[in-house]
Amino acid sequence: MHLVGLSEAEVIKSRQEHGINILTPTKKKSMFLCFLEKFRDPLIIILLVAGALSIGISLYEYFSLHQSAKVFFEPIGIFMAIILATGLAFIFEAKADREFAILNQVNDEEAVRVIRGGNTIEIPKRDVVVGDIVILNTGDEVPADGQLLEAVTLTLDESTLTGEPACNKSTRPEDFDPDATYKTDYVLRGTKAMEGHGIFRVEKVGDATENGKVFHESQIDNSVKTPLNEQLDRLGKLVSRMSYIIGTLIIVGRCLMFYFEPSFHGFLTMEFAAYILQTLMIAVTLVVVSVPEGLPMAVTLSLAYSMRRMLHTNNLVRKMHACETMGATTVICTDKTGTLTQNQMQVADMKFWGNTSRDIINEGIAVNSTATLDLSGERPKALGNPTEGALLLRLHADGVDFVALSNAAPRLAELPFTTERKFMATIVKSPTTGVPTLYVKGAPEIVLAMCNSIAGDITAEQINAQLLAYQQQAMRTLGFAYAELPEKAELPDLEQLASRNAGVKLQFLGITAISDPVRADVPDAVKECIDAGIRIKIVTGDTPATAREIGRQIGLVNDSDTQDCVITGPEFATLSDEELYNRINDFKVIARARPTDKKRLVETLQKRNEVVAVTGDGTNDAPALKAAHVGLSMGDGTSVAKEASDITIVDNSFSSIGRAVMWGRSLYQNIQRFVLFQLTVNIVACLIVLTGAFMGTESPLTVTQMLWVNLIMDTFAAMALASLPPSKSVMAAAPRNRNAFIISRSMWKSIIGIGILFFFILFGLFYLFEHTDITSLTDIFHADFTDNKELTPYELSLFFTIFVFMQFWNMFNARAFMTKRSGLKLSGCGEFGLIALTILIGQIVIVQIGGQFFNVVPLSFTDWAIILGSTSLVLWIGELSRFLSRRK
């Protein structure tokens, strides 16, 4: 076939009509827009509203009441909290994106051989146009979609699109596979020639290719809300409603108090105007105090900490919320090749019978092969046909130098493998036998039928039984035969071997079973996920028998499962949306699946309120990775798959997914612990402000003191609770109900119960300070009660410090919440202990040298000892409660 190819003018015209051969990159958001997106968090929105109200009050106090510039500390503190929370989230995600960009570099400059104007030339892949004639050789990546014109023993690795690592390609109609995912005489961009060679005419380039369509579909933002987002939305709405309700109650209550005052002269007086303005300021102050300013920071720190630590467990997290979402996962949809299996064919078993020398067997494998090995890396890699490569890998593992064997035996004649022939043959001048030797390898039933004898005392029936056992395990099988030829005789016609007219007496030597083995860690990892209540579904382009067998090997499919647990892509496509919705839980394996099948599976599971994680390494997985709540790509996967994912499994190990689930569940518990801690603080503060509002007294806690508690101390508490390591015990429980509120019933009991208890203790202390003169806490035992008076600076300092240390010790209780373990058990939690010590020292420094800024005066050593000792009862009571619950 004489091929001329396109002229230069035709190339230009084609490029104008069909575009260039690149996948249009996703339009990246500017750094500024990425930063602004962080302000969409519901808790950040509440803080923005609180900050705006606080600015209004501060401006009024400064300009109308002529107070000092200290009134602006509160709004400044709130906006600092906002900037810190949003800034940290932005910085950590930007850093992860930079790491990901290095991992995911794409090369559009690879050289491609094309025929143009009658000449064979090399051009960059990006310059290939529709109509180009492209030459494919073993090892080449297909640069565009096209129609095959020639194919000689051509095998393509289509695993990036279908999951199938070896697809035979041909231009002969009799070789066409009607069940193939893509046509036998058609090649696709991104696939790779593993064996043979061919020529094709380009029909589609860039975004128009199948690869491009999948890439484009993977960019569609489905705006799937993560479970944590949903919970924070609900928490934000709860905090808002409660703040507004309490604020309204203050306004109504104080108006009623004003109405029932003996000096009431009506509502249209200057006296009432001043009163209502003061009431509004109290209401807004309470709204600001009730907002958990530290919570966005806590969530950000928890996610960021997990994000960095998960990288040490080979999970590169690109999107922060994916850390936690993994913990809520109820279904994992995984591909087979490269995720569950090693994506490298290996010899699973070899059976050679009789007394045939091992040297003859090794020589036969080495010389009768078209594959080779790349030994330049840490691990040898097969180049060419993966099945033949597996045999060479076995020789290499056995310490046999296959290159030396091949070079020492000059080839005299060859018959290449074809799909219709199903065997290959090579005659060499063998140094092992000393005579010309014929080696045959191929489909066992074909090779066995060509033989005159079988080595050893085994029968053909026994061989067939062994082959059936291998095939039931989804293994590929090969048969081997050889014949020693007369020294000076004419070489036989190898084309006549199949008809046994070649005049040689072949002896059948044995068989090998070859498979893409399951990764060693996968069965245990799958069991860990199943035990954790997570369902797993395999979605692959492989045959139903192979897919089911892999499911059996990893422990997903068992003997009690019916045939209905496996469905093929074409059968899946014929199901209506309603049928699929009702039957989806029956399927464990989807074989012969196309990219759209996997995405439809994910979307249907999401309609059933499942939290779906998808694993994949191929371009075909990208749409499903994007649609899932969490997309997990493999480190050696395609750039399209990695771009669509939220987490990249750097070591390609399924067991890393189990670790990600453990991190996610532990992280959610850490966030719950901080919510417990933070809301207890806020309830106490709100009750103090609320009581003061109706008693006509100002709050004993100043703005700067509350900022220390809500921002600095709570930020450190967030760091302390976020630093708690993951617990394996979380994997023993079922996935949490995504509709369950982040504040559980037991949390509500603790928040309200402890909050009210703390309030009564502090209110009693406040009442005592108002009616006695306290210069040291030792005075309490012999104090004389007097009329109402203002609290002295020393008394205010005592009140503030006692309030802080009650929260400090409660942080240890929050740390132990849901574990029944001691809050003082710090083994493996060194960071928690260090941060707790920092809070302790920070409070002492603030009180001793904070002065006017924090409205405090130094306390005596005796009072410090009494405060630390008495407030620690909060911890000891919690310890006693946990001890008793362990004894039950």
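The paragraphs below lead through a predicted model, from a sheet to a helix, a surface patch and some charged pairs. Residues are numbered from 1 along each chain as its sequence is written, and side-chain values use heavy atoms, with hydrogens and water left out. Because the model is predicted, local features need pLDDT of at least 70 and side-chain atom pairs count only at pLDDT 80 or more, while totals for chains, interfaces and linings use all residues.

A good place to begin is the sheet, which is open, has 8 strands and follows the order β8-β24-β23-β22-β9-β19-β21-β20, with mixed pairing. Strands here are DSSP runs of E with at least two residues, just as helices are runs of H or I with at least four residues, and both are numbered from the N terminus; two strands pair if DSSP finds at least two bridges between them. The edges are held by β8 (315-317) and β20 (566-568), each with a single partner strand, so one side of each is left without a neighbour in the sheet. From one strand to the next the twist averages 20 degrees, where axes are lines fitted to C-alpha atoms and angles run from 0 to 180 degrees between N-to-C directions. As a general point, the strands of a sheet pair through backbone hydrogen bonds, either parallel or antiparallel.

Following the order inward, strand β22 (residues 612-616) is joined by 4 bridges to strand β9 (residues 331-334), and these two run parallel; T334 has T615 in β22 as its bridge partner. Strand β9 also pairs with β19 in the parallel sense, again over 4 bridges, and there I332 stands opposite I536 in β19. Strand β19 (residues 535-539) is mostly covered, since 4 of its 5 residues are buried, where buried means under 20% relative accessible area, exposed means over 50%, and partly exposed lies in between (1.4 Å probe, protein chains only). Strand β19 is further joined by 2 bridges to strand β21 (residues 589-591), with the two running parallel, and I538 stands opposite V589 in β21.

Helix α15 (residues 522-531) has V522, A525, V526 and C529 among its residues, and these four are buried. Seen down the axis of α15, its buried residues fall within an arc of 100 degrees, so they line one face of the helix; the arc is that of the directions from the helix axis to the C-beta atoms. After α15 comes G533, whose phi is positive, near 85 degrees.

On the surface, V252, L256, Y259, F260, F267 and L268 form a nonpolar patch with about 700 Å² of accessible area together. Such patches are made of residues with over 30% relative accessible area and no salt bridge, with like charges joined within 9 Å and nonpolar side chains (Val, Leu, Ile, Met, Phe, Trp, Tyr) within 5 Å, and accessible areas come from the Shrake-Rupley method with a 1.4 Å probe, only the protein chains shown counting as cover for residues. Y259, one of these residues, lies in helix α6 (residues 227-259) and is partly exposed, with a relative accessible area of 42%.

Finally, there are 19 salt bridges, each being a side-chain nitrogen of Lys or Arg within 4 Å of a carboxyl oxygen of Asp or Glu. One of them links R172 with D175, whose closest N and O atoms are 3.2 Å apart; R172 is partly exposed at 36% relative accessible area, whereas D175 is buried at 18%. Another joins R394 and D398 (3.4 Å, N to O), with R394 partly exposed at 27% relative accessibility and D398 partly exposed at 42%. Salt bridges that share partners also join R172, E174 and D175 into one network.
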